[in-house]
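Colleague: I would like a close look at a single part of this model. Please keep it brisk.

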Amino acid sequence: MADILVAHLRKKSDEHGALKTLASQWDFDAKLIPKALQAVGNLFPHYSRHDESHSRQILVNIERLLGESVSLLTATDTWLILEAAYWHDIGMVVTKQDLAKELQSEEFQDFVAFLRQSPQHELFRFASTFDPSNLAKCFLGADTPTDAVSRFNELMAEWFRRKHPARAEAMVREPWSRASISSPRTELMPARLFRLLGRICQMHGTSFEDLLSADGLPFKEAGMANEDCHPRFVACLLRMGDLLDLDDNRFCPVLQRIAGDDRPATSRAHEDKHHAIRHLRIDRDRIEVSAECQTIPGYLEAFRWFDWLKQETQNQMAHWQEIAPNRELGLLPTLGNLTVTLSGDLRVLQRGERPQFGIDEKSVISLLQGSNLYNSAFPCIRELLQNAVDATLLAIWAKESPHASTDKWITPAACDHLQIASPVKIELIESQEPAEDADKANWLLRISDGGTGISATDLLHMLRIGGSQKNAARQRLIRAMPEWMKPSGAFGIGLQSAFLLSDCIYLKTKSIFSNETLELELHSPLGPNEGLVLVRQVPNDVAQRCGTTLEIRFQLDRFARRWSVPSLQSNDDSVATQLVMSMDPLLDDSFPYDAGIIVDEVLGFGKNSLIGIECEFAPLARERMSLTATSGEAGDWLFLPDAQGHCVAFRYQPHPDVFTGHHSQFLYRGQPFKCDAARFPHVNFEINLLSGTAGTWLSANRDQLTPKAADDIRAVVLSALKQAVEADMTRHSNEPTKQLGNRSDLSLFLHAMALNEGEPWEGFAAQIGDAWKDVSLIGSSIRECFDKSEWLFDTGSDVNDPIVNCDVSVPRHHGSAVTTLALLAWEKEKSGSVRVLSVDDLKCSPNIEDEHPTPPARIDRTLLEIQRKPPILHFSLTRQPCYSDAALAEHLIKAINPFSNCRYLVAIIDERWQRLALRKNVQLYARRLIQPCADAPSTMLLPHLFSGRQAQVTPSQLERLCDRIHPLLADGPTVHEVRDLYRELITYIDDELMAASRHATYWRTARSG
């Protein structure tokens, strides 16, 4: 206990009866507050002590700073010091009601959004998925339940740490209602003094400038009885005493054990800071501290702490006359040496700074330019167009959401505000002023929108790449928007990408929020003006609408160096094509083909934009064009608010081709991007992703999907496809093909999806029946063949060169689904058998055997010819072997691949090797040798390793293979028996099967390699 200050309070209270109330109040609070402070460890076990021991040490430090001058304090000042030391951290006492309330607050959502934009923060991963309204994803950022508890506590602790000074002020005023602390509040003491005490507690967490400001604390105020009190002085002593509680016993070992070994790195840094204290002097004359840290984070934390102590001391000394009640109190102690060192062989390169790599903003812009992030002018312009569209959507939401019913915002089609919104206007004008380079032409690009405009506050965030994501007020508004309407920006490159076209950007803007009008001139960080930003405040014009007009001047080739000519069959009416068709290569001095391409790209952008796009194109030597790209029609799009957690618009069409990915289209908020990660059989589709930031899905130039999003995009498309089919099957239950087109194509698509994905596709396929048997093939249909007792099936020929003698041929681009479905249906419906044949069995293939030694290049060409041959299936109602000898030999040759390293499974070739049959459901890293293959009753592993041009079976390989395989065999032969069986199999394949085939030479070459 701070005996000196307490004794002084009692002494002063004895001097005047009215002052006894102060001592009585203190007697209550000295017992009550420590009990409440014990609860701090519930949420802050990873923090240093903030209990009564901390409060007492602050008082001891203040006694050391004042020395004998304690006797000069008034009773009210003494009481304020004692109470403030105990109350100042009471804001870290957090009730369950406090947690629940803050989880729903806008400010907390801003805080979580900030963490999501801070990848270096320890809580970034946890905050990235944290959503109190969705328990299914709330704790996805944790690995275990205990980890989830720890991360949640750390998240809430970080939030309440930031708020605890302000919370302390409120809890001092209303201790019972806010924390059930029964500290008396009666008419015996003015409520004004408790409000003053709360403000003093609040000021321990504010800047020194705020403390001295007009809204800060007064220098003097009436105290109890005939005394004055000095709130500013008390607050300054509290700040100093708090900063000086840094001895090496500040952390509680019990709480450290509760927090666990995975407590945050910042906590460990503070632990090292306190444990590092080697010398501490605090008295009336001098303050000295030295520390020897074990870690660099601890060193940096100690250095920062000492720097705060130094700054606070200097600030108070500089304003001491505005702080101290009288001169008799003297000055603060002199600040002596504050030294921090690292123990052992650790070193820092620059005192007080973390050794690390860094990059400045100029380097970022330079890297962007040098990396070909944008390979043409339009992607840069697209960023600016997207900014304009996003700003317009945000303005619509800000103005209309308070008045419109919620059903108006469910889908883009339901939002009539989009139809009446002012379009984004683009002007591309060729300048009459000649360029210095005679081969170039000057162009002006002007983009005007009726969006939110830019305020001075917005500008501060925009000037840094990625800074717009830290604009809390704007982000709060965005979070309330429907997913499909939210801005797409995530990289902060939008505006600054314009510097890839020009060294200077001009803007005139009026903010919808602040109503201020600004003229801005932004210079490139790499240009001669080194990133200069000129801001002019313009008198407000009521007639001027809110929004932004942006201008950029850049150069294009006066006469395009290359261009493309449309084919005669195309109906290309693009601007670029019109320029090509009207160009006279002899008489024309200019040919603005590149500008025409930009205009066409702008119109393409507008095709799927939620906001209309109008474009004026004004080349000097041609007629001015006024063009309009209206926002895309939503009529045949299905809007899905939850496709694997994402909002999308979707449409699809079944197709007989197996993979029609080149016809499918991926859009992000209306703009196309490349994606090869989501293909499904026998269907074309278009998906427009309407949720998530661009960084969730796309590379920085927004041209293609990022590798990390590949799994997500497949899951989203699959979910959207399922919902779309389900909706169509329900809506058109009587005749689904009315909506979905050809019934056989639909059936093929649904059955193919059932093969790959299982339910619910199996249910969909059952609804539509076996119409896949009527899909258009070469020759007979599958349904016609099912009426025969036997028939031949060519599983994948060229449309123009089907194999003769076959009843039906499947075009190669139809893929394997038809074949697999035919195999399964024949077995199920007819109880028939299927045998794999070779073209040699049909006597319709020339013999390509060459008995002479063959160079590897020719072998590769021959193998390629063999590999292109599709399997031929013999369907029969009678039992038959799985393969013909010719088919097995041919597929062994197909397994020889210069770029492959693989083992293969086959159906049991002969009863001689039945004991090599694998148990059911055994999983091996091996492929089926023959695809497709009837579902053979048992399979075995071939002993060969097909590696490059070789089919290897070395003695050591065979020994290891037998050891590995024999526990997996159904009949349980010994290792010795397995070895003998494999040797017999190798001899049979080499000396009988392959020697009798027309591939004998190639096989001998592969085996001898």
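Colleague: How many bridges join β24 to strand β28, and which way do the two run? Please take me through the sheet around them.

Modeller: Keep in mind that this is a predicted model. Two bridges join β24 to β28, and the strands run antiparallel. Strand β28 covers residues 945-947. One pair to find on screen is C902 and F946: C902 stands opposite F946 in β28.

Now add the third strand. The sheet is open, and its order is β24-β28-β29. The pairing is antiparallel. Look at the edges next. β24 (901-902) stands at one edge and β29 (950-952) at the other. Each has a single partner strand, so one side of each is left without a neighbour in the sheet.

A helix also belongs in this picture. Helix α36, residues 1000-1008, packs on the sheet. It touches β28 and β29. The direction of α36 makes about 60° with that of β29.

One general point helps when you look at side chains. In a regular strand they alternate between the two faces of the sheet.

For practice, turn to another antiparallel pair, β12 and β13. Strand β12 spans residues 613-618, and strand β13 spans residues 625-629. Five bridges join them. Here you can find E614, which stands opposite T628 in β13. β12 and β13 form a hairpin, with six residues between them.

Notes
Residues numbered from 1 in each chain as written. Predicted model: local features only at pLDDT ≥ 70, side-chain atom pairs only at ≥ 80, totals over all residues. Heavy atoms only, no water. Pairing = 2+ DSSP bridges. Helix = DSSP H or I, 4+ residues; strand = E, 2+ residues; numbered from the N terminus. Contact = heavy atoms within 4.5 Å. Axes fitted to C-alpha atoms, helices over the stretch in contact; angles between N-to-C directions.
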